[in-house]
Amino acid sequence: MRGHSEYLDVSEVVCVKSDSETYCKQCSITPFHSSEFEGAVNHLISAHGYRILHVGQETELKRETPIHKTVAVLGR
Ligand SMILES: [Zn+2]
């Protein structure tokens, strides 16, 4: 597909959200907490060879208060 060649060799995708506890499925450990969004993304890149495909924002309503989250999609 023209314009999407950067995704052609991606066989596995991981989604990291800034508000949820994230653990590394590769290491089977739980090194990440909600405040460690950067750490989770950096770990996937440096330790497992993922690269960032997309970073965006997600909004959820909790008791009519919008909660903004950062979402990163990584692939390898
Ligand atoms: Zn890991």
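**View 1. Here are the buried residues of α1: F37, A40, V41, H43 and L44.** Buried here means 20 or more other C-beta atoms within 10 Å of a residue's own, and exposed means 12 or fewer, with C-beta atoms placed from the backbone. Because the buried five cover an arc of only 160 degrees around the axis, they sit on the same side of α1; the arc is that of the directions from the helix axis to the C-beta atoms. Over on the other side, N42, S46 and A47 are exposed. This is a predicted model, where local features need pLDDT of at least 70 and side-chain atom pairs count only at 80 or more, while totals for chains, interfaces and linings use all residues. Residues are numbered from 1 along each chain as its sequence is written.

**View 2. The largest nonpolar core brings together V16, F37, A40, V41, L44, Y50, A72 and L74.** Such a core is a set of buried Ala, Val, Leu, Ile, Met, Phe, Trp, Tyr and Cys residues joined through C-beta atoms within 7 Å. Four of its residues, the largest share, come from α1. Helices (H or I, at least four residues) and strands (E, at least two) are DSSP runs, numbered from the N terminus.

**View 3. Three strands make an open sheet in the order β1-β3-β2, with antiparallel pairing.** Strands count as paired if DSSP finds at least two bridges between them. At the edges are β1 (13-17) and β2 (51-62), each pairing on one side only. Between β1 and β3 there are five bridges, and K17 stands opposite V71 in β3.
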